[in-house]
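Grab a pencil and try these exercises. Each one has a task, followed by a solution worked out in steps.

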Amino acid sequence: MDCYEKLRPFTEYETCNCPEIHGLILVFDLSPSPISCSNCRRIVDPERLGLTCEIVDSVARWQAAFGGLYQLWLDSGEYERWAKERMLDPQGQVNVDGILLANQLARFRPAQYWWFHDTDDELPLKCPRCQGELQPSAKYGNVQCGPCGILI
């Protein structure tokens, strides 16, 4: 198995077929890969981007870690609040690693990091990372912080 198989979608309809990929979004959304096209929001094959196996491995590890927290939150049991706090913590490892990975992906294409948001909560007014003002998001998410590369 080549290293790219870790992040390839199971079906063709999940795959980005845009002629050119102008941007990426690193987002956990229960799909086989967290690397999405900023145009169509479908999965971008890591081989198409020319990602190194080291970056692919790091993205797969991040996906597994974020996915574990997300599943604990979805289960609505005793770990729900703890998992949510971890996914919202700007100093927490899953977000520090996610932002680092988005920055690594930005060496291949402009990239943003999709910050977790519980739709039961109000949208934040300030960026969770820099505390700067959030701007409306042009296409995906509700708001964004351009300097931090965060979508919410």
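**Exercise 1: an unusual backbone angle**

Between which elements is the loop that holds R41? Then look at the phi of R41 and how exposed the residue is.

*Solution.* Keep in mind that you're looking at a predicted model.
- Step 1: R41 sits in the loop between β2 and α1 (46–49).
- Step 2: Here's the background: most residues other than glycine have a negative phi.
- Step 3: R41 isn't a glycine, yet its phi is positive, at about 65°.
- Step 4: The cut-offs put partly exposed between 20% and 50%. R41 has 24% relative accessibility, so it counts as partly exposed.

**Exercise 2: try another one**

Which loop holds S76? Work through its phi and exposure as you did before.

*Solution.*
- Step 1: S76 is found in the loop between α2 and α3 (80–88).
- Step 2: Its phi is positive too, about 55°, although S76 is not a glycine.
- Step 3: With a relative accessible area of 49%, S76 is partly exposed.

**Exercise 3: put the sheet in order**

In what order do the six strands of the open sheet stand? Find the edges, then follow the pairing from strand to strand.

*Solution.*
- Step 1: The order is β2-β1-β3-β6-β5-β4, and the pairing is mixed.
- Step 2: β2 (35–37) and β4 (135–136) are the edge strands; each has a single partner strand, so one side of each has no neighbour in the sheet.
- Step 3: Start at β2. Three bridges tie it to β1 in an antiparallel pair, and L24 has C37 of β2 as its bridge partner.
- Step 4: Move on to β3. Strand β1 (residues 24–26) and β3 run parallel, joined by three bridges, with I25 partnered by Q112 in β3.
- Step 5: Next comes strand β6 (residues 150–151), which pairs with β3 in the parallel sense over two bridges. Here W114 has L151 of β6 as its bridge partner.

**Exercise 4: two faces of a strand**

Which residues of strand β3 (residues 111–114) lie on its covered face, and which on its uncovered one?

*Solution.*
- Step 1: Recall that in a regular strand the side chains alternate between the two faces of the sheet.
- Step 2: Now sort β3: A111 and Y113 belong to the covered face, while Q112 and W114 belong to the uncovered one.

**Exercise 5: one face of a helix**

Which residues of α4 are buried? Check the length of the helix, then see where those residues point.

*Solution.*
- Step 1: Helix α4 (residues 93–105) has 13 residues and reaches 18 Å from its first C-alpha to its last, close to the 18 Å expected.
- Step 2: The buried residues are V94, N95, G98, I99, L101, A102 and L105.
- Step 3: Look down the axis of α4: these buried residues fall within an arc of 160°, so they line one face of the helix.
- Step 4: That fits a general rule: an α-helix has 3.6 residues a turn, so residues three or four places apart point the same way.

**Exercise 6: explore the largest pocket**

How many residues line the largest pocket, and which lie nearest its centre? Add the volume and the make-up of the lining.

*Solution.*
- Step 1: The largest pocket holds about 250 Å³ of space.
- Step 2: Its lining has 16 residues, and F28, W114, W115, F116 and H117 are the ones nearest the centre.
- Step 3: Split the lining by type and you get nine nonpolar, four polar and three charged residues.
- Step 4: Helix α2 (residues 53–74) gives the most to this lining, with three residues.

Technical notes: Residues are numbered from 1 along each chain as its sequence is written. This is a predicted model: local features need pLDDT of at least 70, side-chain atom pairs count only at pLDDT 80 or more; totals for chains, interfaces and linings use all residues. Side-chain values use heavy atoms; hydrogens and water are left out. Buried means under 20% relative accessible area, exposed over 50%, partly exposed in between (1.4 Å probe, protein chains only). Helices (H or I, at least four residues) and strands (E, at least two) are DSSP runs, numbered from the N terminus. Two strands pair if DSSP finds at least two bridges between them. On a 1 Å grid over the protein atoms alone, a cavity is a set of points where a 1.4 Å probe fits but cannot get out, and a pocket is an open set with protein on both sides within 12 Å along at least five of seven lines; lining residues have an atom within 4 Å of a point. Grid points are joined across faces, edges and corners, and a volume is the space filled by probe spheres set on the points. Ala, Val, Leu, Ile, Met, Phe, Trp, Tyr, Cys and Pro count as nonpolar, Asp, Glu, Lys and Arg as charged, and the others, Gly among them, as polar. The expected span of a helix is 1.5 Å times one less than its number of residues. The arc is that of the directions from the helix axis to the C-beta atoms.
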